[in-house]
Amino acid sequence: MRIARFGDDRIGLVRDGRVLDVTDQLAARLPLGPYSLVRRLIADFAAARPLLEELAGEAEPMAWLPLDQVRLRVPVPDPTKIVAAPVNYRDHQAEMNEDFHIGALGFFLKSPSLLLDPGGTVRLPYSDRRFDHEAEFALVVGRRARHVTPAQALSHIFGYTGLMDITMRGGEGRSTRKSFDTFTPMGPWLVTANELGSPDDVGLELTVNGTLRQKANTQDLIWSAARFLAYASTVTVFEPGDVVTTGTPAGVAPVQDGDAVELVVDLVGVLAVDVTAEGAVPCPTDGAGRGPVPPPEPDSQG
Ligand code: MN
């Protein structure tokens, strides 16, 4: 099952390039709560699933709207946290000249308030710093998880989506460099765990203005999605709707004003955003030239 948010907090099922609005029926069925409707759906998915299957089976063909007629929104707007892997592919560890990977570094947090809708615009805040794309495969937690084992972790995953961990290079802390507003595009929708199958063999590709920059498969993750969630659950409890992003492979490179960035995650879909430097100002901190050394910028022809 593919579950999208669109328009003004509508929820839809996605199939064959079309979306079926199931918001009203879900809202009538799910318990009230101080969270987004999609988080309530995730938390109560076992109960809601038969309703969704029934709605999908019974809807008139005309009720399925073409996806290009709706504005997609970030699939979970209000996770309690976004947990991210710092160095989780060996080729990225090598290109960043990092001594350590996730097994020594642990995780970092990205602010949940900086999620960006599919089709949105990443706003570069500073005119004098390097900002890179990072293509990532992310999971969304379905059931509360605390101190779970890797084997248990899979049963706590609701589904998967694409995520870009946009990053300022330099010596400032990761929470600063990765938590600028708009720096976490996510989507285009959620694919449920049973629909996607194993998270350990999923291809992803990222292009900038049509030029391929990153290409990887999650089988090359140092810590798999399940192992990473299991580890992170020894630090903090995970709630339904929380986001865990698994890290980026080699090929990170700068994004600039006017760029069009596309992330394709196999079995999920295409997450596309634009980039602007409008309003950028000089950076107030002096971390440029410190920190992990990123790869040289590719020439414009890639
Ligand atoms: Mn990252």
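The legends below describe four close-up views of a predicted model.

**View 1. The manganese ion and its protein donors.**
Three residues supply protein donors to the manganese ion: E134 and E136 through OE atoms, and D165 through an OD atom. These donors lie 2.0 to 2.1 Å from the ion. Along the chain, the donors follow the spacing E-x1-E-x28-D. E136 is part of strand β11 (residues 135-141), while D165 sits in the loop between β12 (157-164) and β13 (167-168), so this pair ties together parts of the chain that are 29 residues apart in sequence. E136 is buried, its relative accessible area being 0%. D165 is also buried, with a relative accessible area of 0%.

**View 2. The surroundings of T167.**
T167 belongs to strand β13. Is T167 buried or exposed? T167 is buried, and its relative accessible area is 0%. A polar atom of the T167 side chain lies 2.8 Å from the backbone oxygen of D165, and D165 is one of the residues that give donors to the manganese ion. The side chain of T167 also makes a polar contact, at 2.8 Å, with the side chain of K178. Apart from neighbours within four places in sequence, the residues in contact with T167 are R130, F131, D132, E134, R177, K178 and F183. Of these, E134 is another donor residue of the manganese ion.

**View 3. The cavity and its lining.**
The model has one cavity of 30 Å³ or more. The volume of the largest cavity is about 90 Å³. Its lining includes the manganese donor residue E134, as well as R177 and K178, which are both in contact with T167. The other lining residues are P86, V87, H92, M96, E98, R169, G170, R174 and P292. Which classes of residue form the lining of the largest cavity? By class, there are six charged, four nonpolar and two polar residues.

**View 4. Helix α9 and what covers it.**
Helix α9 spans residues 225-232. Six of its eight residues are buried, so the helix is largely enclosed by the rest of the structure. The buried residues are A225, A226, F228, L229, A230 and A232. What covers the buried residues of α9? The cover includes the strands β6 (82-84), β11, β12 and β17 (243-245), together with the helices α5 (102-105) and α6 (150-153). Strand β11, which is part of this cover, also holds the manganese donor residue E136.

Terms used: Residues numbered from 1 in each chain as written. Predicted model: local features only at pLDDT ≥ 70, side-chain atom pairs only at ≥ 80, totals over all residues. Heavy atoms only, no water. Donors = N, O, S within 2.8 Å, 3.2 Å for Na, K, Ca; no water. Helix = DSSP H or I, 4+ residues; strand = E, 2+ residues; numbered from the N terminus. Buried < 20%, exposed > 50% of the residue type's maximum accessible area, 1.4 Å probe, protein only. Polar contact = N/O pair within 3.5 Å; in protein donor to acceptor, adjacent residues only side chain to side chain. Contact = heavy atoms within 4.5 Å. 1 Å grid on protein atoms, 1.4 Å probe; cavity = no way out; pocket = protein on both sides within 12 Å on 5 of 7 lines; lining within 4 Å. Points joined across faces, edges and corners; volume = space filled by probe spheres on them. Nonpolar A, V, L, I, M, F, W, Y, C, P; charged D, E, K, R; others polar.
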